[in-house]
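Biologist: Could you take me on a close look at one part of this model, starting from a pocket and working along the chain from there? I'd love one connected account that I can follow in the viewer.

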Amino acid sequence: MYKARNKRTQRIRLFLTYTIVPVLVVAIVGLLVMYMLGYRFSSSTQQVTQGGLIQFGSYPTGASVQINDRKLTWKTNTRLNSDAGMFLVTMQKDGYRSWQKTVFLEPGRILWLDYARLVPTSLSVEDISQLEGASKSAAAIRKDTVVVIEKSDAPQLTRFTNLSATPKRTTVRVPSSVYTAASADQTHLFELVEMAPDAKRVLLRHKVGDMTEWLLVDLGSPERSANVSKGLTAVNRVFFDTEHPDRLYFVANGNLVRQTGTDVASRVRLVSGITAVSSNPNGVVSFIRTNDDGQTQAGYVMPAASSAKLFTNSFVPGSKPLHVVVGIFAHRAYAAIVQGKLVTISQFNPNTGAVVHDSETYSEIPPIEVPDGVERIEFSPDTRFIAMYAQGVMKTYDLEIKKLTATHLSKTANGSVGSGWLDNHTIWTDASGKLTTYEFDGQNSHEMATVATGQAVVLSENNKYLYFIRRDGDKLVLVRVKMTTD
C-alpha cells in the first residue's frame with residue numbers, strides 16, 4: 001500500500017515537472033518578451049496594447065519632466081515606459097528657459113529625448129580677449145580650442161585653449177621656411193581654411209603674387225609645419241580626413257589625391273575629373289566628376305580605400321547630380337544626392353555603390369523637393385540627420401525616425417545663412433549679426449547675443465561656455481556666454 005502511494009506521488013511529480021512547469025516557464029518567458037516589446041495593460045482602455053520607451057536627458061541634468069499634464073517623479077536623466085501616441089514633453093529647471101517638444105512614440109520603439117540643451121533665463125556674457133582683427137577663425141567640436149588670424153598679411157595665429165576653464169592665449173608663428181618669401185612689391189595673404197578634428201593642426205592658404213600654396217601648421221610644434229602642396233599643380237582645395245586627422249585630401253588639377261601628413265611619398269590619386277567634393281563624417285569623401293565621355297557621375301571614397309567607387313544606379317533619370325554627401329548611420333550607408341530641385345536619399349551598398357532595394361532593413365525615402373535649389377547639404381556630426389539649406393530655409397531629414405522637418409531661419413539680405421553644428425543635435429546661425437541656436441528640427445530656438453558673422457562658434461568641452469567673436473565698434477572681441485547657472 002505504501003509503495004503504491006509512493007508510485008502515485010512520483011507520477012504526479014513527473015506530470016507536474018514535464019507538463020505544468022514547462023508551460024509556466026513558456027508563459028513567463030512570453031510575458032517577459034511582451035514586456036520588453038512594450039506591451040502593457042492600459043487602465044484607460046482595459047486592453048493590452050504595445051507602447052514604447054522614452055529616454056529623457058538634459059544638460060544640465062536635474063530637470064523636471066512633464067508629459068502632457070503628467071509630471072514624472074524622477075528628474076533627468078530618466079526614462080519612462082509609456083503607451084504609444086502623441087505627447088507634449090516639457091523639461092524645466094530653475095533658472096533656465098523651458099524646453100518643449102511635441103513628439104510621437106511609435107509602438108515597440110525607443111524615443112530618444114536625451115539632447116535637451118537648457119539655456120539660462122539670464123545670459124552672462126564675458127569678454128575674453130580683444131583682437132586686432134579677425135580675418136578668419138576656426139574651431140573643432142569639443143576640443144577646447146579656437147584659432148584666429150588677426151592680420152591676414154602676418155604669418156602668425158592666435159590660439160586660445162583651455163576653454164572649459166580660464167582660456168589661455170598664445171601666439172603661433174609660422175616658420176618662414178615653409179612659405180615663399182614676398183618680393184619688394186608683393187604682400188602676403190594668409191587665409192585660415194580649416195582646423196583638424198583633433199585641434200592639433202590647421203590648414204592655411206598662402207598667396208603671394210600669382211602663387212598659391214597650402215600650409216599645414218602644427219599648433220603645438222610649429223617647427224614641424226610644412227608646405228603640403230609642393231609637387232602638385234592647380235590645387236583649389238585641401239581638407240582633413242574627418243576620421244583620421246593626420247590624412248589630407250587635395251583637389252589638384254581635377255584629381256582627388258590623398259596624403260598622410262607631410263609625407264609626399266604617401267600620395268595616392270583616387271579619381272580624376274572632379275568638379276565638386278564633400279568631406280563627410282566617418283572619414284567618407286564624396287564627389288561629383290565628369291568622365292572622359294562628358295558624363296556627370298557621383299561617387300565616394302571609403303576610409304583608407306585605395307580607389308574611389310561610383311554609384312551604379314541613376315538616382316533621378318536624366319538629371320545631372322549637383323551635390324552628393326555620404327554617411328554611415330546605424331551600420332548602414334546612406335547617400336544624399338542633389339539633382340535639380342530634388343534631393344534623393346538612398347541606402348546603398350558601400351562595397352559596390354548599388355542602391356539597396358531588397359534588404360530587410362531598407363525603406364523607401366521619397367525624394368525631397370527644394371524649390372529654390374540647395375545651397376548646402378551636410379550630415380550632422382553623428383550622421384543621424386541630413387540638413388539641406390536654401391534661401392533661409394533648413395530642411396532636415398531624420399534617418400532614425402524617417403521624418404522630414406522644415407525651419408525658416410533668420411537670413412541676411414541676400415538670403416545666405418552662416419551656420420554650423422554645436423553638437424549632434426544643435427545648429428547655430430549668425431544671420432543679421434545675431435547668434436541663434438536651433439535644434440535639428442527648428443524647435444527650441446534661442447537668440448543668444450550679437451555676433452561677428454562668418455566666424456567660429458563653439459561650445460567648451462564641458463558644455464559650460466559658448467564661445468564666439470563679436471564686434472565692439474571697430475574692434476573684435478572673443479567672448480563667451482555662460483550656459484549654466486552655477
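Modeller: Happy to! Sorted by class, the residues lining the second largest pocket are 11 nonpolar, three polar and eight charged. That lining has 22 residues in total, and Val-103, Phe-104, Leu-111, Ile-401 and Lys-403 are the ones nearest the pocket's centre. The volume of this pocket comes to about 390 Å³. Please keep in mind that this is a predicted model.

Which strands build the lining? At least two residues come from each of β7, β8 (110-117), β32 (393-398) and β33 (403-408). Two of these strands, β7 and β8, lead us on to the next stop, the largest nonpolar core. This core has 28 residues, and Phe-56, Val-89, Met-91, Trp-99 and Leu-113 have the most contacts inside it. Its contributors of at least two residues each are β2 (47-59), β3 (64-67), β6, β7, β8 and β31 (385-390). With four residues, β8 gives the most to the core. As general background, nonpolar side chains in soluble globular proteins tend to be buried together.

Met-91 is a good place to zoom in. Beyond its neighbours within four places in sequence, Met-91 touches Phe-56, Gly-57 and Ser-58, then Ala-63, Ser-64 and Val-65, as well as Thr-76, Ser-98, Trp-99, Leu-113, Ala-116 and Leu-118.

Now move along to Lys-93, which sits in the loop joining β6 (85-92) to β7 (99-105). Is Lys-93 buried or exposed? Lys-93 is partly exposed, because its relative accessible area of 26% falls between the 20% limit for buried and the 50% limit for exposed. Setting aside neighbours within four places in sequence, Lys-93 is in contact with Pro-60, Thr-61, Gly-62, Ala-63 and Leu-118. Ala-63 and Leu-118 are also among the contacts of Met-91. A polar atom of the Lys-93 side chain lies 3.2 Å from the backbone oxygen of Thr-61. If you measure C-alpha to C-alpha, Lys-93 and Pro-120 are 9.3 Å apart in space, although 27 residues separate them in sequence.

Stepping back, how does the whole chain look? Its secondary structure amounts to one helix and 40 strands. Of the 486 residues in the chain, 48% are buried. Among contacts with a separation of 6 or more, 45% link residues 24 or more positions apart.

Conventions:
Residues numbered from 1 in each chain as written. Predicted model: local features only at pLDDT ≥ 70, side-chain atom pairs only at ≥ 80, totals over all residues. Heavy atoms only, no water. Buried < 20%, exposed > 50% of the residue type's maximum accessible area, 1.4 Å probe, protein only. Contact = heavy atoms within 4.5 Å. Polar contact = N/O pair within 3.5 Å; in protein donor to acceptor, adjacent residues only side chain to side chain. 1 Å grid on protein atoms, 1.4 Å probe; cavity = no way out; pocket = protein on both sides within 12 Å on 5 of 7 lines; lining within 4 Å. Points joined across faces, edges and corners; volume = space filled by probe spheres on them. Nonpolar A, V, L, I, M, F, W, Y, C, P; charged D, E, K, R; others polar. Core = buried A, V, L, I, M, F, W, Y, C linked by side-chain atoms within 4.5 Å.
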